[in-house]
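Dear colleague,

I am passing on the structure that follows, and below it I have set out what was found on going through it. Please read the notes with the coordinates open beside them.

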Amino acid sequence: MEDFLIKLPLLLDSMIRLSVPLLFAALAGLFSERSGIFDISLEGKMLGAAFAAAAAAAVMDSALAGLLAGILVSVALALVHGFASISQRGNQIVSGVAINFVALGLTVLLGQAWFSQGGRTPQLSPDGRFGELTLPFATQLADVPFLGVLYEGIISGHNILVYVAFLMVPLSWWVLFRTRFGLRLRAVGENPAAVDTAGVSVVWLRYRAVIVCGVLCGFAGAYLSIAQASGFTKDMTAGRGFIALAALIFAKWKPVPVMMACLLFGLLQAIPIQYPQISLPGIGIVPGQVMQALPYVLTVVLLAGFIGKATPPKAGGVPYVKER
Amino acid sequence: MKNDLPRWVDMGLIPLLNVTAAFLVSGLVVLFIGENPIQAVQEMVFGALGYGEGFGFTLYYTTNFIFTGLAVAVAFHAGLFNIGGEGQAYIAGLGVALVCLSLGETFPWWLTFPVAIIGAGLFGAAWALIPAWLQATRGSHIVITTIMFNFIAASLMVYLLVNVLKVPGSMEPATARFADGGTLPFLRDIIPAFGYSPANISIFWALGCCVFVYILIWRTRLGYEMRTFGFSQSAAVYAGISPTKIIVVTMLISGALAGMMALNEVMGQAQKLQDNFVAGYGFVGIAVALMGRSHPVGIVLAALLFGILYQGGAELAFAMPAISRDMIVVIQGLVILFAGALEHMFRPSLIKLFTRSEPVLAPAE
C-alpha cells in the first residue's frame, strides 16, 4: 500500500504521457468521423508522421522542422484517403486499410534506404527533440504538500506537445460546437443532402475535415518519435491509432469525453509499467495482458450497447452522391 | 454508376488496369530509392519461380493467402467486411495445437489432420461469432469489433503461450514441438526438388476450400441468400431472409476459413504453436479478395501473385539490400488502394472510350 502511494505521482505522470498520442489521434478521428468520413487509417497517418518527423529532425537538427514534416506527410496521406472516399466514392474502410499498409511498409523501406539502420532513424540530438519544460515556480512549490506534488510532479515537466494536446480539447469543442464551420461539419456527417441544399459544398467541407484530421495525426506521430522517444523505430505506433479509434467510440464522438477516454486508456497502459505485479483479493496476480486487452474489451462492450449506446454520425461511411 | 461497359472490360480490363496502376506506383517507389525496377522484378520472379526451393516457398505463402482471401471474400459476398481474419487465424492456431498435441503421439497424421481441420474451423469460427452476433442483434459495426477482437486475440494468445502452453524452462513463448503424427507431410517428401521449403499438403485442402466456396456461393440456397443480402439488405428482408441468420452464418464460415490458415503455419511449417505466427497474413487476405474479385479462381491467382511477391521480396532483399522486405507491404497497400478504394477510377474514361465508337442513338421523337 505504501509502495502504491509512493508510485502514484509517477503513475499519473506516465498516464498523461501515454494518453497524449491517443488524444491527438482521437481528436483527429473526431473531425473526420463527425464529417461522415470513417477513418481507420489514424494508425497509418501517425506512423507516417512519426517517421517523417524523426527523419526531418535528424537531418535538419530541428524539432520544429520535424513537426512540420510530420504534419505534411500525415496531411498527404489524409488527402489520399479523402480522394478515395470523397472524390472517388470508394469504400472508406478499404481505403483506410490501404493507407495503414502503405505507411507501415514505406516508413521502414525508406528508413532503411536512407539511413541503413534497419529501418530506424538516427538518434536525435537534444535540438532535434521537444525537450521537457519546467513550468514557472514548479521547483519552488515542490515542497507544498499535495498541491506541490500535483504541480511539480504531474502537471509540470512535460514537453510542449503535451500541453498543446490538452489545449486542443477545448479548441476542438469550440470549433465543432461554436463556429459555423463546426456546425456545417457536424451537419454534413448527419445529413449531407440538407447541407448541399443549403448551398454549401459537401465535398469541400469533408476535404477540410480530412485535412484537420491529417494535421492532428501529424502531431500525434511527431509526439511519438521526436518528443516521447528520440527517433523512429519500426511500427512504433503499435496499435495506438486503433486504441484512439476505440477511445473515440467510447467517448461517443464528443471532445471532452474523448479526453477522458484517452486518459483512461493511458492509465490502463501506465499501470503495468508502474505496477508490474498487481494482485487483487480473490483473483491473485493480474496478468499485464489483461490491461492491454481492456481498452478493446471495454469498447466492444460499449458498442454492444450494454453500457449506454454509441451512435456514430448517421452519414458516416456513406459516400455522398449529389444526383439522388 | 451506369453499367454500359462490355463484360470483359468490367471483369477483366478494369481489374487489370487497377493492379497495373498499383505496380507502376510500386515501380516509382523503387526508382525513388535509386534502384532499377525492371531488375528488381527480374530478381523477384527468379527468386519466386526460378528454382525448386523458391517455388516451394511461393506455394507455402500461397496456401496462407488462399485461406485468408477466401475468408474475406465470403464475407464480402454478404456485404460484410471481416477485417478480423488475423485474430481468427491466431485463435485457430490454438485449436490446431491442442489437437496436434493430444493426438499426435498416438495417431498417424492422416487421422490427426481431419480433426485438426475441425479444430481450426471451430476455433476460428468461435472468434468470429461474437462480432457477428453483435452486428446482427445490437448493430455494432463489424469492422470495429473485428479490429478490437484482433487485439484481444493477441493479448489472449500471449498470455496463454507465456503462462500456460510454454515448455517449462524454455524462454521462447511457444508450445513443444508436435510428435510426428501431429505434423503434415511436406511436398518435398514427394518431390525432392522443393528443397527445404515448408510447402505441405495443406495446399490441397486450400484448393478444396476454393471448390467448397464456389459451390456454396453460386450453387446453394444459402449462398444465394448471402448474395441477395449483400446486394440489398432491404430486398433480402422483404424476401423473407433473416439478417441475423445470414450475418452469423456468413461470419462463422468466414472465421473458419481464416482459421484454416493455421493448418499450414502451425501443423505444416512450424510444427508447434508460436507467438504471432499469423504475421499479417490475415490482412493480406483483404488484398487477395479485392484483387481476385471475391471469386475462387481469382483468389487462387491473386494468392499465387502474393505468394510470388512474398517469396520474391525475400530474395530481392538479399540481392538489393536497399530494398527491404517491407516493399511487399507497400505493394500490398497499393493493391488494396487501387483495386479496392479506387476501383472505379478508370471507369468514367473507359465508358467514354467504349461508347464513342458505337453509333449514337437518335433521340426518340
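Notes on the two chains

In chain A, the secondary structure amounts to 13 helices and 2 strands. Please keep in mind throughout that this is a predicted model. As a whole it scores ipTM 0.91 and pTM 0.90.

To begin with the overall form of chain A, a compact globule of 324 residues would be expected to have a radius of gyration near 20 Å, and the 20 Å found for chain A agrees with that. Along the principal axes, its C-alpha atoms fill a box of roughly 65 × 50 × 40 Å. Of the 324 residues in chain A, 51% are buried, and among its contacts with a separation of 6 or more, 76% are made by residues 24 or more positions apart.

Chain B, by contrast in its make-up, has 14 helices and 0 strands. For its 365 residues the globule rule gives a radius of gyration near 21 Å, and chain B, with 22 Å, agrees with that expectation. The box filled by its C-alpha atoms, again taken along the principal axes, is roughly 85 × 55 × 35 Å. Buried residues account for 53% of the 365 in chain B, and 77% of the contacts with a separation of 6 or more are between residues 24 or more positions apart.

As to confidence, chain B has a mean pLDDT of 91, with 96% of its residues reaching 70 or more. Within chain B the lowest confidence falls in helix H14 (residues 347-356), at a mean of 82, and the highest in H7(B), at 97. Where pLDDT is low, predicted coordinates should not be read in detail.

The contact between the chains

The contact draws 34 residues from chain A and 37 residues from chain B. On the side of chain A that touches chain B, helix H4 (92-115), helix H11 (240-250) and helix H13 (288-303) each supply at least two residues, and the largest share, 14 residues, comes from H4(A). By type, the residues on that side of chain A divide into 22 nonpolar and 12 polar, with no charged residue among them.

Helix H4 of chain A

Since H4(A) supplies that largest share, its geometry may be worth a check of your own. At 1.5 Å a residue, its 24 residues should span 34 Å, and the end C-alpha atoms are indeed 34 Å apart, which agrees. The helix is mostly covered, with 22 of its 24 residues buried, and it is followed by Ser116(A), whose phi is positive, near 50 degrees.

One residue of H4 in chain A is Asn100(A), which counts as buried because 27 other C-beta atoms lie within 10 Å. Leaving aside residues up to four places away in sequence, Asn100(A) touches Ser41(A), Glu43(A) and Gly44(A). Asn100(A) and Leu77(A), 23 residues apart in sequence, are 9.5 Å apart in space, C-alpha to C-alpha.

Other places to look at

Leu12(A), in helix H1 (residues 2-34) of chain A, is buried, since 20 other C-beta atoms lie within 10 Å and 20 is the number at which a residue begins to count as buried. Although Leu12(A) and Ile271(A) are 259 residues apart along the chain, their C-alpha atoms are separated by 9.3 Å.

In chain B, the buried residues of helix H8 (residues 221-231) are Glu225(B), Met226(B), Thr228(B) and Phe229(B). These cover an arc of only 165 degrees around the axis, which puts them on the same side of H8(B). What covers the buried residues of H8(B) includes helix H3 (52-77), helix H7 (202-219), helix H9 (233-238) and helix H10 (243-270) of chain B.

Finally, two loop residues have a positive phi without being glycine, and you may wish to look at each in turn. Ala238(A) has a phi near 45 degrees; it sits in the loop between helix H10 (202-228) and H11 of chain A and, with 13 C-beta neighbours inside 10 Å, counts as partly exposed. Ser294(B) has a phi of about 60 degrees and is found in the loop between helix H11 (281-291) and helix H12 (296-319) of chain B, where its 21 C-beta neighbours inside 10 Å make it count as buried.

With kind regards

Definitions and conventions. Residues are numbered from 1 along each chain as its sequence is written. Chains are lettered from A and ligands numbered from 1 in the order in which they are written. This is a predicted model: local features need pLDDT of at least 70, side-chain atom pairs count only at pLDDT 80 or more; totals for chains, interfaces and linings use all residues. Helices (H or I, at least four residues) and strands (E, at least two) are DSSP runs, numbered from the N terminus. The radius of gyration is taken over C-alpha atoms; the globule rule is 2.2 Å times the number of residues to the power 0.38. A residue is buried if 20 or more other C-beta atoms lie within 10 Å of its own, exposed if 12 or fewer, and partly exposed in between; C-beta atoms are placed from the backbone. Two residues are in contact if their C-beta atoms, placed from the backbone, lie within 7 Å. Ala, Val, Leu, Ile, Met, Phe, Trp, Tyr, Cys and Pro count as nonpolar, Asp, Glu, Lys and Arg as charged, and the others, Gly among them, as polar. The arc is that of the directions from the helix axis to the C-beta atoms. pLDDT is the predictor's confidence in each residue, from 0 to 100. The expected span of a helix is 1.5 Å times one less than its number of residues.
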